[in-house]
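Dear colleague,

I am handing over the structure below, together with an account of what was found in it. Please read the notes with the coordinates open beside them.

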Amino acid sequence: MNIKNTFKKFILLNIGLFFLLFTSVFLESDEVIRFNESLDAIPTSLLIIGLIWIISYFVSLYFLYTFKKNGKKLFSILFVLGVVLNLPLGPSAVDSLMYTLDALSWCSQSAILVFLYFTPVQKYFK
């Protein structure tokens, strides 16, 4: 199988998982919703930073899909920034579906990083 096509499929998988994660929020149980409402609200500044991160993330995925060199750097920075941005959010509860989708999302992001730095795909970014 062509490694470029496999790489592109992982990018599409990542986008699909992102949208499934977003829609799974609407399927949470009442217990999870009540627990999350009892916690402190997320500050508005973190919500704005998160929105900017999401937009930048989709831009980076587009750049990766079209093999733009800036996409490789942007995706790597956003991957690390995504980990850092999760730290101040504090505790929250999620259903098993959302937990599984989130784990698969992190796995697909990690696979994209492996493709970018440890496979012949890296030579296509010029």
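I54 is found in helix α3, in what is a predicted model. With a relative accessibility of 30%, I54 counts as partly exposed, because that value falls between the 20% under which a residue is called buried and the 50% over which it is called exposed. Along the chain I54 and G82 are 28 residues apart, while in space their C-alpha atoms are 9.4 Å apart.

Another residue of helix α3 is S60, and here the relative accessible area is 0%, so S60 is buried. When neighbours within four places in sequence are left aside, the contacts of S60 are with G71, L74, F75 and L78.

To set these residues in their context, the protein has five helices and zero strands, and its pattern, read along the sequence, is α-α-α-α-α. The C-alpha trace spans about 50 × 30 × 20 Å along its principal axes. Of the 126 residues, 32% count as buried. If one takes the contacts between residues at least 6 apart in sequence, 81% of them join residues that are at least 24 apart.

Two of the helices were looked at for their length and for their buried residues. In α1 there are 22 residues, which at 1.5 Å a residue should span 32 Å, and the distance of 31 Å between the end C-alpha atoms agrees with this. The residues of α1 that are buried are T6, F7, I11, N14, L17, F18, L21 and S24. Because these residues cover an arc of only 150° around the axis, they lie on the same side of α1. The partners against which the buried residues of α1 pack are α3 and α5.

Helix α4, for its part, has 18 residues and reaches 27 Å from its first C-alpha to its last, which is close to the 26 Å expected at 1.5 Å a residue. Its buried residues are G71, K72, F75, S76, L78, F79, G82 and L85, and the buried residues of α4 pack against α3 and α5. Among the buried residues of α4 are G71, F75 and L78, which also appear in the list of contacts made by S60.

Returning to α1, F10 has its place in that helix, and at 26% relative accessibility F10 counts as partly exposed. The C-alpha atoms of F10 and I112 are separated by 6.7 Å, although the two residues are 102 residues apart along the chain. Residues up to four places away in sequence not being counted, F10 touches S108, A111, I112 and F115.

The loop between α3 and α4 holds F67, a residue that may repay a look at the backbone, since its phi is near 60°, a positive value in a residue other than glycine. F67 has a relative accessibility of 12% and therefore counts as buried. Not counting residues up to four places away in sequence, F67 touches K4, F7, K8, V121, Y124, F125 and K126. One of these is V121, which is 54 residues from F67 in sequence and 9.0 Å from it in space, C-alpha to C-alpha.

Finally, there is the largest pocket, in which about 1700 Å³ of space lies. The lining of this pocket is made up of 38 residues, and those closest to its centre are I42, N86, L89, S92 and M98. The elements that each give two or more residues to the lining are α1 (3-24), α2 (30-38), α3 (44-65), α4 (69-86) and α5 (96-118), and α3 gives the most, with seven residues. Sorted by class, the lining has 25 nonpolar residues, nine polar and four charged.

With best regards

Terms used:
Residues numbered from 1 in each chain as written. Predicted model: local features only at pLDDT ≥ 70, side-chain atom pairs only at ≥ 80, totals over all residues. Heavy atoms only, no water. 1 Å grid on protein atoms, 1.4 Å probe; cavity = no way out; pocket = protein on both sides within 12 Å on 5 of 7 lines; lining within 4 Å. Points joined across faces, edges and corners; volume = space filled by probe spheres on them. Helix = DSSP H or I, 4+ residues; strand = E, 2+ residues; numbered from the N terminus. Nonpolar A, V, L, I, M, F, W, Y, C, P; charged D, E, K, R; others polar. Expected span 1.5 Å × (residues − 1). Buried < 20%, exposed > 50% of the residue type's maximum accessible area, 1.4 Å probe, protein only. Arc of directions from axis to C-beta. Contact = heavy atoms within 4.5 Å.
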